[in-house]
Amino acid sequence: MNMLEANMRVVTNSINNTVRLASEFGDESMKDLTLYTSLVERLCVIDSKMNSHKKALAESCREPTMESFDNSYKSKLDNKKPQVRGHKRYKEFVQYAQPLLNPSLERGSQERDNDDDDLEINGDDRNSIDPITKRPMEVPVRNKQCNHVYEKSSIEQLLQQNPRVRCPVMGCLAKQYVQRELLEVDTILQKQLMRARAALL
């Protein structure tokens, strides 16, 4: 199960990178948001089914006989169609991809774009460098607990290795462990980073 989850994370990161590249260099056909959301929907279905099997297995493993295990496992298996639009992986992907590929659908995108113009990186690399890998960020996520920003893939990998991780930014005063559900894609910083990369081309 852990290997499947790790592989799904790798696939999700690959889709995110493809979306970023499509938004920067792709033609209109490559910027079709539905193309990528359909892939993420399939991942969410797999994830939901995996969790259903995992739960049924955990609840049935104490059965004394193979027959009672089979009966218990089948009865506890959730055969309902997964609601992918409510899945955390789907919501995170749409939050990340929509501003890049279809910003007109984003609520208040005009106001946010105007705000973006006022914000600059000011040549300060600290805003664009991941504090974990010390490499430029591709998908910046902001920790709602302390407001620090990390590269999405590196903080997720860190949490996978050890779920009891505090903010990796030196001198951070937050005492709580980093929680995956409190990490949010920073779309404004992401647009700034994309502009900065485009300016270097």
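Hi everyone. Let me start with a definition: when I give an angle between a helix and a strand, the axes are lines fitted to C-alpha atoms, for helices over the stretch in contact, and the angle is taken between N-to-C directions. With that in hand, here is a first picture: helix H6, residues 152–161, lies across strands E1, E2 and E3 and runs at about 85 degrees to E2. Please keep in mind that this is a predicted model.

Now let's step back to the whole chain. How many helices and strands are there? The chain has seven helices and three strands. Starting at the N terminus, the order of elements is α-α-α-α-α-β-β-α-β-α. There are 201 residues in the chain, and 37% of them count as buried. If you take contacts with a separation of 6 or more, 63% of them are between residues 24 or more positions apart.

Let's go to the sheet that H6 lies across. It is an open sheet of three strands in the order E2-E1-E3, and the pairing is antiparallel. Which strands stand at the edges? Those are E2, residues 149–151, and E3, residues 183–185; each has a single partner strand, so one side of each is left without a neighbour in the sheet. On average, neighbouring strands here are turned by 40 degrees against each other, direction ignored.

As a reminder, strands of a sheet pair through backbone hydrogen bonds, either parallel or antiparallel. Here, E1 and E2 pair in the antiparallel sense over three bridges. On that side, Pro-140 stands opposite Glu-151 in E2. E1 and E2 also form a hairpin, with five residues between them. If you click on the turn, look for Asn-147, which has a positive phi of about 75 degrees. Turning to the other partner, E1, residues 140–143, pairs with E3 over three bridges, again in the antiparallel sense. For Arg-142, the bridge partner in E3 is Glu-184.

While we are around here, have a look at Ser-153, which lies in helix H6. Is Ser-153 buried or exposed? Something in between: Ser-153 is partly exposed, because its relative accessible area is 28%, and that label covers the range between 20% and 50%. Ser-153 and Asn-13 are 140 residues apart in sequence, yet their C-alpha atoms are 6.9 Å apart in space.

That takes us to the beginning of the chain. Thr-12 lies in helix H1, residues 2–25. With a relative accessible area of 10%, Thr-12 is buried, since the cut-off for buried is under 20%. What does Thr-12 touch, leaving aside its neighbours within four places in sequence? It is in contact with Leu-43 and Arg-89.

Leu-43 is a good link to helix H2, as it is among the buried residues of that helix, along with Tyr-36, Val-40, Met-50 and others. H2 covers residues 33–60, which makes 28 residues, and it reaches 41 Å from its first C-alpha to its last, close to the 40 Å expected at 1.5 Å a residue. What covers the buried residues of H2? The cover includes H1, H3 and helix H4, residues 88–101.

On to H3, residues 66–76. The structure holds one aromatic pair. Phe-69 and Tyr-73 form that pair, and it is stacked, with 5.9 Å centre to centre and 15 degrees between the planes. Both residues lie in H3, four residues apart, which is about one turn of the helix.

Ser-75 lies in H3 as well. Ser-75 is exposed, with a relative accessible area of 57%. Its side chain reaches the backbone oxygen of Ser-72 at 2.8 Å. Looking across to H2, the C-alpha atoms of Ser-75 and Ala-56 are separated by 8.3 Å, and the two residues are 19 apart along the chain. Ala-56 is one of the buried residues of H2.

Last stop: helix H7, residues 187–200. At 1.5 Å a residue, its 14 residues should span 20 Å, and the end C-alpha atoms are 20 Å apart, so the two agree. Where is the cap? At the N-terminal end of H7, where a side-chain oxygen of Asp-186 lies 3.3 Å from the backbone nitrogen of Ile-188. The buried residues of H7 include Thr-187, Leu-189, Leu-193 and Met-194.

That's my tour. Thanks for listening!

Conventions:
Residues are numbered from 1 along each chain as its sequence is written. This is a predicted model: local features need pLDDT of at least 70, side-chain atom pairs count only at pLDDT 80 or more; totals for chains, interfaces and linings use all residues. Side-chain values use heavy atoms; hydrogens and water are left out. Rings of Phe, Tyr and Trp (its six-membered ring) pair if their centres lie within 6.5 Å; planes under 30 degrees apart count as stacked, over 60 as edge-to-face and the rest as tilted. Helices (H or I, at least four residues) and strands (E, at least two) are DSSP runs, numbered from the N terminus. The expected span of a helix is 1.5 Å times one less than its number of residues. Buried means under 20% relative accessible area, exposed over 50%, partly exposed in between (1.4 Å probe, protein chains only). A polar contact is a pair of N or O atoms within 3.5 Å; within protein, one must be able to donate a hydrogen and the other to accept it, and residues adjacent in sequence count only if both atoms are side-chain atoms. Contact means heavy atoms within 4.5 Å. Two strands pair if DSSP finds at least two bridges between them. Axes are lines fitted to C-alpha atoms, for helices over the stretch in contact, and angles run from 0 to 180 degrees between N-to-C directions.
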